[in-house]
Amino acid sequence: MIRVSSGTASVLGLKKIRQPAPPTTAYFLVGERCRRSCSYCAHSKDATTGPAFLSRITWPEFEIGAVREALKEAEASGRIARLCVQVSDSYGAQEESLDVVKYFRAAISLPISLSICPGPGIAGKAKEAGVTTLCHALDAATPAIFSRHRNGEWKNVISHLQQALEYFPGNVSTHLMAGLGETLEEMVDTMVELKSAGIRTGLFAFTPLPGTRSSCGPPPDIGYYRRVQLAHFLINKGVSRDDALAPPEGIIKRWEKSLSTGEAFMTSGCAGCNRPYYNERPGDIPYNYPVKLEKEEAWKELELAMAMKKTSCSWKM
Ligand code: SF4
């Protein structure tokens, strides 16, 4: 049996749900309740949410053979572009996730991301199993925020990300979560550091989930999040730290054409990953757009980024 995100199950024809923006990556969850106690995570040992939850998403279980058959069909028809296996830090989950990757790899040629806690030798084992992108989530933008919201050390994750580059050059990624109490400057500094190290960043918005330690924290202001997305987009285009932090009016003119595509406000991370509804309910303004934007929509979102007055989120835990 394997846990499959509800949206993925629907794309694979295993479950019927109505979804205006279907996932373009197939997401899987391996492992039970996590040994860690990240304040915002529905899977942490401190959370009172059921084990079928991660982020805002439910993960029903399906027989793995049936899932692999459905994946083969979805690959052939082009409905999915990638697989992503997300692993909790629970007993035996690392080994199980590698077995899952091997099992899928035997039948599927699509890229496979493995999002897993750092551990000794994991990069080599992941490579051998058939993983193509290795992700260790930082989530927190600074060491202080990391120790406030997570177990362990920020610099330990950074060091594992750097080591993973030896096995996955150009294909190491991390997650950063906006809204945990960082300033825009801190977020930009970390995005610049990761970019210069050759590590790709996927942006998330902090989402207060019932049953977690952070359930009472406010989600980030949408203008702040758009400003972070804009800076992230510009840094990936090679813009300097100072230019990414400067009032955006000038830089928007310089990058008008690429900004008009709206790519800056779409889901970021591994190619083909759109994570619909991870951070918001269907019908809400998405923090990360899972589909392409029209030019007018892109400009509306840019205006939100330009209107941002504060440089940090309001919530400190
Ligand atoms: S960016 Fe998407 S595909 Fe890549 S590890 Fe994160 S959730 Fe998985």
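A residue is called buried here if its relative accessible area is under 20%, exposed if over 50%, and partly exposed in between, using a 1.4 Å probe and protein chains only. By that yardstick C84 is buried, with a relative accessible area of 10%. The structure is a predicted model, so local features need pLDDT of at least 70, side-chain atom pairs count only at pLDDT 80 or more, and totals for chains, interfaces and linings use all residues. Residues are numbered from 1 along each chain as its sequence is written, and side-chain values use heavy atoms, with hydrogens and water left out.

Cysteines make a handy starting point. A disulfide is a covalent bond between the sulfur atoms of two cysteines. In practice, a disulfide is scored as a pair of cysteine sulfur atoms within 2.5 Å, and this structure holds zero of them. Take C135: the closest cysteine sulfur belongs to C270 and sits 6.4 Å away from the sulfur of C135, which is too far for a bond. C135 is also buried, at a relative accessible area of 3%.

Next comes the sheet. Helices (H or I, at least four residues) and strands (E, at least two) are DSSP runs, numbered from the N terminus. Strands of a sheet pair through backbone hydrogen bonds, either parallel or antiparallel. Two strands are taken to pair if DSSP finds at least two bridges between them. Here, eight strands build an open sheet with mixed pairing, and their order is β5-β1-β2-β6-β7-β8-β9-β10. The edges are β5 (61-62) and β10, each of which pairs on one side only. Strand β10 runs parallel to β9 (residues 172-178), and six bridges join the two. S173, for instance, has R200 in β10 as its bridge partner. Packed on the sheet is helix α8 (residues 222-236), which touches β9 and β10. Contact means heavy atoms within 4.5 Å. As for direction, α8 makes about 175 degrees with β10; axes are lines fitted to C-alpha atoms, for helices over the stretch in contact, and angles run from 0 to 180 degrees between N-to-C directions.

A good residue for a closer look at this edge is T201, found in strand β10. T201 counts as buried at 7% relative accessibility. Setting aside neighbours within four places in sequence, T201 is in contact with T174, L176, L194, H232, S268 and G269.

Now for the aromatic rings. A pair of aromatic rings is described by the distance of the centres and the angle of the planes. Rings of Phe, Tyr and Trp (its six-membered ring) pair if their centres lie within 6.5 Å; planes under 30 degrees apart count as stacked, over 60 as edge-to-face and the rest as tilted. By this rule there are five aromatic pairs. One of them joins Y27 and Y278: the ring centres are 5.7 Å apart and the planes stand at 55 degrees, so the pair is tilted. This pair links distant parts of the chain, 251 residues apart, with Y27 in strand β2 (residues 25-30) and Y278 in the loop between α11 (256-259) and α12 (295-307). Both ends are tucked away: Y27 is buried at a relative accessible area of 1%, and Y278 is buried at 4%.

Y278 has another ring partner in F204. The centres of these two rings are 6.4 Å apart and the planes are at 65 degrees, so the pair is edge-to-face. Since F204 lies in strand β10 (residues 200-205) and Y278 in the loop between α11 and α12, the pair ties together parts 74 residues apart in sequence. F204 is buried too, with a relative accessible area of 9%. Ring pairs thus link Y27, F204 and Y278 into a cluster.

Charges show up over rings as well. A charge sits over a ring if NZ of Lys or CZ of Arg is within 6 Å of the ring centre and within 35 degrees of the ring normal. The charged end of R275 sits over the ring of F204, 4.0 Å from its centre. Elsewhere, R68 lies over the face of Y103, at 3.9 Å from the ring centre.

Finally, a couple of backbone oddities turn up. Y277 has a phi near 65 degrees, a positive value in a residue other than glycine. Y277 is found in the loop between α11 and α12 and counts as buried at 17% relative accessibility. D139 also has a positive phi, near 65 degrees, and is not a glycine. D139 belongs to the loop between β8 (133-135) and α5 (143-149), and is buried with a relative accessible area of 9%.
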